[in-house]
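Biologist: Hi! I'm new to this one and would love a friendly tour. Could you pull it up and walk me through it?

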Amino acid sequence: MTVETLTFGCRLNTVESEALRAHAAADGRDRVVVNTCAVTAEAGRQARKAIRRIARERPGAEIVVTGCGAEVETEAYAAMPEVSRLVGNSEKLRPEGWTEAGTGPGAVMAARTAEPTRFEAIAGHTRAFVPVQNGCDHRCTFCVIPFGRGNSRSVPAADVVMQIARIVEHGGREVVLTGVDLTAYGRDLPGPPLSLGTLVRQILRAVPGLARLRLSSIDSVEADAALLAAIAEEERLMPHLHLSLQAGDDLILKRMRRRHLRADAIRFCETARRLRPDMVFGADLIAGFPTETEAQFDRSLDLVAECGLTHLHVFPYSPRPGTPAARMPPVAPEAIRARAARLREAGGDALRRHLDAQVGRRLTVLAERGGVGRSADFTAVRLATPEAAGTFHNVAIAGHDGRRLIGA
């Protein structure tokens with residue numbers, strides 16, 4: 001009997017799917033675990049489509065649904081005849097969650113601790129993602145994830161360091177710290193004050209064999225002095241930050257209930273780039289948030305240049321039932337699609353400008369599978385010859401294809 005995991009959504013889900021596999025396999029059942037996402041309505045639709053397909057292809061397997069979809073859309077998944085059971089987000093990393101003692105979804109808001117993950121590597125991945133924080137205390141008007149993940153809680157720094165040391169001992173060269181609200185790290189932990197910046201410093205000091213440390217998406221307005229110091233001083237902290245910006249107009253940001261304004265985002269990018277001149281930024285941006293006018297959208301479009309963004313994740317606005325934004329006056333679907341296309345076009349232009357600037361340089365590239373690798377600033381590089389995954393190479397950049405660099 002085997003356990004197969006099918007994962008939707010964020011990197012945190014990817015890591016948790018790997019970590020929960022042993023618990024899901026403990027009783028020896030033929031089982032498929034679908035780790036769902038609830039960030040958009042489309043994510044739920046795709047997960048339910050996959051569940052129906054699995055039921056046709058593997059009629060003897062038990063289908064178990066977990067993840068944020070199981071928490072936020074419990075009734076929809078429970079009503080599917082293909083689904084055997086639901087496992088809550090608060091218990092999917094605990095052995096008892098996979099036994100009859102499991103309570104199912106609904107307990108995540110009561111969770112007070114973040115479960116450390118235990119693994120040496122993730123199958124098929126060159127870099128290892130290490131969750132250090134879970135949940136979110138904020139209530140952005142478009143988001144249901146706090147109700148799928150619960151309130152913010154942090155993994156103790158000693159557990160994080162131990163996990164990363166284990167990864168390095170097993171040959172890991174690059175680690176990405178991840179979480180739902182990463183810059184909230186440490187506030188809930190007892191003892192001396194901790195922050196994401198102090199955690200970064202502790203990791204790099206305690207694990208000298210770690211070649212590269214990265215951060216997943218951060219809320220720039222919460223970046224503390226220790227994190228800025230690490231950006232400036234720690235060469236092993238990679239010069240790439242992905243920012244949760246969402247919009248470039250102050251009124252739309254307020255209606256989203258974000259914690260920053262346009263000027264805050266621009267100021268942070270200027271500061272980080274001054275501290276680390278080779279810094280490259282990615283960002284999440286939402287197109288067509290309710291009430292957004294063309295002029296307000298143009299301010300999001302302009303933010304690409306004003307912040308010097310390179311890697312964009314563009315999300316056409318998708319209403320989530322029960323959120324305040326879903327009750328706001330909507331933007332016409334065709335306008336949402338057009339704005340998303342314009343943002344993607346601006347992102348493509350920004351990426352090409354960045355790629356143009358790299359031609360003729362020599363970059364240190366960490367090889368991945370399939371003849372590609374990543375430079376320090378996370379730019380994809382096609383290698384001239386296939387190299388072993390997890391090895392570093394000094395690569396002369398001969399050109400690019402509009403999406404990635406081409407090594408000589």
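Modeller: Happy to. Let's start inside: α6 gives the most to the lining of the largest cavity, with three residues. Before we go on, this is a predicted model, where local features need pLDDT of at least 70, side-chain atom pairs count only at pLDDT 80 or more, and totals for chains, interfaces and linings use all residues. Residues are numbered from 1 along each chain as its sequence is written, and side-chain values use heavy atoms, with hydrogens and water left out.

Biologist: What volume does the largest cavity have?

Modeller: About 30 Å³. The structure holds one cavity of 30 Å³ or more. A cavity here is a set of points on a 1 Å grid over the protein atoms alone where a 1.4 Å probe fits but cannot get out, while a pocket is an open set with protein on both sides within 12 Å along at least five of seven lines. Lining residues have an atom within 4 Å of a point. Points are joined across faces, edges and corners, and the volume is the space filled by probe spheres set on them.

Biologist: Which residues line the largest cavity?

Modeller: They are P116, T117, V130, P131, V155, D159, V160 and Q163. At least two of them come from β5 (128-131), and at least two from α6 (157-169). Those element names are DSSP runs numbered from the N terminus: helices are H or I with at least four residues, strands are E with at least two.

Biologist: And how does that lining divide by class?

Modeller: Five nonpolar, two polar and one charged. Ala, Val, Leu, Ile, Met, Phe, Trp, Tyr, Cys and Pro count as nonpolar, Asp, Glu, Lys and Arg as charged, and the others, Gly among them, as polar.

Biologist: Okay, pockets next. What's the volume of the second largest pocket?

Modeller: The second largest pocket comes to about 250 Å³. Of the 23 residues that line it, N89, S90, T113, E115 and R153 are the closest to its centre. Two elements, α1 (11-25) and β6 (133-134), give two or more residues to this lining. By class, the second largest pocket is lined by eight nonpolar, seven polar and eight charged residues.

Biologist: Switching topic: how many aromatic pairs are there?

Modeller: A search of the whole structure finds two. Rings of Phe, Tyr and Trp (its six-membered ring) pair if their centres lie within 6.5 Å; planes under 30 degrees apart count as stacked, over 60 as edge-to-face and the rest as tilted. The ring centres of F142 and F289 are 6.4 Å apart with planes at 85°, so that pair is edge-to-face.

Biologist: Where do F142 and F289 lie?

Modeller: F142 is in the loop between β6 and α5 (145-149), and F289 is in the loop between β11 (280-287) and α11 (294-306), so the pair ties together parts that are 147 residues apart in sequence.

Biologist: Which ring makes the other pair with F289?

Modeller: That's Y317: its ring centre is 5.6 Å from that of F289 and the planes are at 75°, so this pair is edge-to-face as well. F142, F289 and Y317 form one aromatic cluster.

Biologist: Is F289 buried or exposed?

Modeller: F289 is buried, because its relative accessibility is 0%. Buried means under 20% relative accessible area, exposed over 50%, and partly exposed in between (1.4 Å probe, protein chains only). Y317, at 12%, counts as buried too.

Biologist: Where does the charged end of R139 sit?

Modeller: Over the ring of F147, 5.3 Å from its centre. To count, NZ of Lys or CZ of Arg must be within 6 Å of the ring centre and within 35 degrees of the ring normal. R139 is in the loop between β6 and α5, and at 25% relative accessibility it counts as partly exposed.

Biologist: What lies over the face of F378?

Modeller: R374, at 4.1 Å from the ring centre. F378 is in the loop between β14 (372-374) and β15 (380-382). F378 has a positive phi of about 75° although it is not a glycine.

Biologist: Last one: how do β16 and β17 run?

Modeller: Antiparallel, with three bridges joining β16 to β17 (residues 405-407). Strands pair if DSSP finds at least two bridges between them. In this pairing, H400 stands opposite L405. The two strands form a hairpin with four residues between them, and G402 in the turn has a positive phi of about 95°.
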